[in-house]
Amino acid sequence: MRRSLLGIYLNDHLAAAMTCADAARRLARAEADWAGNGKLERLAEEIEQDRAALLQIMASLGEPVRRVEIWAGWAAAKLGRANLNGRVVTRSPLSRVVELEAMRLGIEAKVAGWRTLRARASADPRLDTGRLDELIAAGRSQITRLERLRSRAAAELFGAGEPG
């Protein structure tokens, strides 16, 4: 079976969505008290809903989920978590900042994916432009909320205006 470029693209986004959802759940568990008011828990739920939306879009386009690619992405993400944040056994204070930045990058990529599908929707009636517009707006909101948390975490860790 020949793989379409769109199918490859969507499966890459699905692998990233699964990784981002996993990271969001982990961050919500680790930093719930710091973030307060269930902010990270809600964000994790929204990211999981976005992953489900992507699966629905893939089904409507007839693009199959390629499990091998998903698991390869998952394994790569697990290896990527083994970064050196100055701690081996306990959670590093740097982890909060790095994980919030990584999540923001993941959500930026997700929104770019929604925009790509939105552009394709003009030529593909299987895509719901209204739903894609909602997903884009939700992603922008997630980016805004994450940036507030990331800025606060960076300021707390490095101090406001403190050089490198």
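Contact, in this tour, means heavy atoms within 4.5 Å. The model to be examined is a predicted one.

**The whole chain**

Begin with the protein displayed as a cartoon. Its elements are five helices and zero strands, and from the N terminus on they follow the order α-α-α-α-α. Of the 164 residues in the protein, 37% are buried. Switching to a surface view shows an accessible surface of about 9500 Å², and carbon and sulfur atoms account for 58% of that area. Among contacts between residues at least 6 apart in sequence, 79% join residues at least 24 apart.

**Arg-145 on helix H5**

Select Arg-145 next, which is located in helix H5. Which residues does Arg-145 touch, not counting residues up to four places away in sequence? They are Leu-43, Glu-46 and Ala-138. Arg-145 counts as partly exposed because its relative accessible area is 25%, a value between the cut-offs of 20% for buried and 50% for exposed. Add Lys-39 to the selection: although Arg-145 and Lys-39 are 106 residues apart in sequence, their C-alpha atoms are 8.5 Å apart in space.

Now extend the selection to the whole of H5. This helix has 30 residues and reaches 42 Å from its first C-alpha to its last, close to the 44 Å expected at 1.5 Å a residue. Its buried residues are Leu-132, Leu-135, Ile-136, Gly-139, Gln-142, Ile-143, Leu-146, Leu-149, Arg-150, Ala-153 and Ala-154. While these are highlighted, a general point helps: an α-helix has 3.6 residues a turn, so residues three or four places apart point the same way. The buried residues of H5 pack against H1, H2 and H4.

**Helix H2**

Select residues 39–61, which form helix H2. H2 has 23 residues, and the distance from its first C-alpha to its last is 33 Å, close to the 33 Å expected at 1.5 Å a residue. The buried residues here are Leu-40, Leu-43, Ala-44, Ile-47, Asp-50, Arg-51, Ala-53, Leu-54, Ile-57, Met-58 and Leu-61. What covers the buried residues of H2? The cover includes helix H1 (5–35), helix H4 (93–120) and helix H5 (129–158). Just after H2, select Gly-62, which takes a positive phi of about 75 degrees.

**The loop between H1 and H2**

Move to Asn-37, in the loop between H1 and H2. Is Asn-37 buried or exposed? It is exposed, because its relative accessible area is 67%, and the cut-off for exposed is over 50%. Asn-37 also has a positive phi of about 55 degrees, although it is not a glycine.

Then display the side chains of Trp-34 and Arg-152. Arg-152 lies over the face of Trp-34, at 4.0 Å from the ring centre.

**Two stops on helix H1**

Select Ala-24, a residue of helix H1. Ala-24 is classed as buried because its relative accessible area is 2%, and buried means under 20%. Leaving out residues up to four places away in sequence, Ala-24 touches Ala-44, Ile-47 and Met-103. A distance label between the C-alpha atoms of Ala-24 and Glu-46 should read 9.6 Å, for two residues that are 22 residues apart along the chain.

Continue to His-13, which also lies in helix H1. Why is His-13 classed as buried? The reason is its relative accessible area of 18%, because the limit for buried is under 20%. Leaving aside neighbours within four places in sequence, His-13 is in contact with Leu-54, Ala-109, Lys-110 and Gly-113.

**The nonpolar core**

Finish inside the protein, at its largest nonpolar core, which has 35 residues. Select the core residues with the most contacts inside it: Leu-40, Ile-47, Ile-57, Leu-100, Trp-114, Leu-117 and Leu-132. H1, H2, H4 and H5 each supply at least two residues of this core, and H1 gives the most, with 10 residues.

As a last selection, take Leu-117 and its surroundings. Not counting residues up to four places away in sequence, Leu-117 touches Leu-6, Leu-10, Ile-57, Leu-61, Leu-127 and Leu-132. Of these partners, Leu-61 and Ile-57 were among the buried residues of H2, and Leu-132 was among those of H5.

Terms used:
Residues numbered from 1 in each chain as written. Predicted model: local features only at pLDDT ≥ 70, side-chain atom pairs only at ≥ 80, totals over all residues. Heavy atoms only, no water. Lys NZ or Arg CZ within 6 Å of the ring centre and 35° of its normal. Helix = DSSP H or I, 4+ residues; strand = E, 2+ residues; numbered from the N terminus. Expected span 1.5 Å × (residues − 1). Buried < 20%, exposed > 50% of the residue type's maximum accessible area, 1.4 Å probe, protein only. Areas by Shrake-Rupley, 256 points an atom, 1.4 Å probe, with all protein chains shown as cover. Core = buried A, V, L, I, M, F, W, Y, C linked by side-chain atoms within 4.5 Å.
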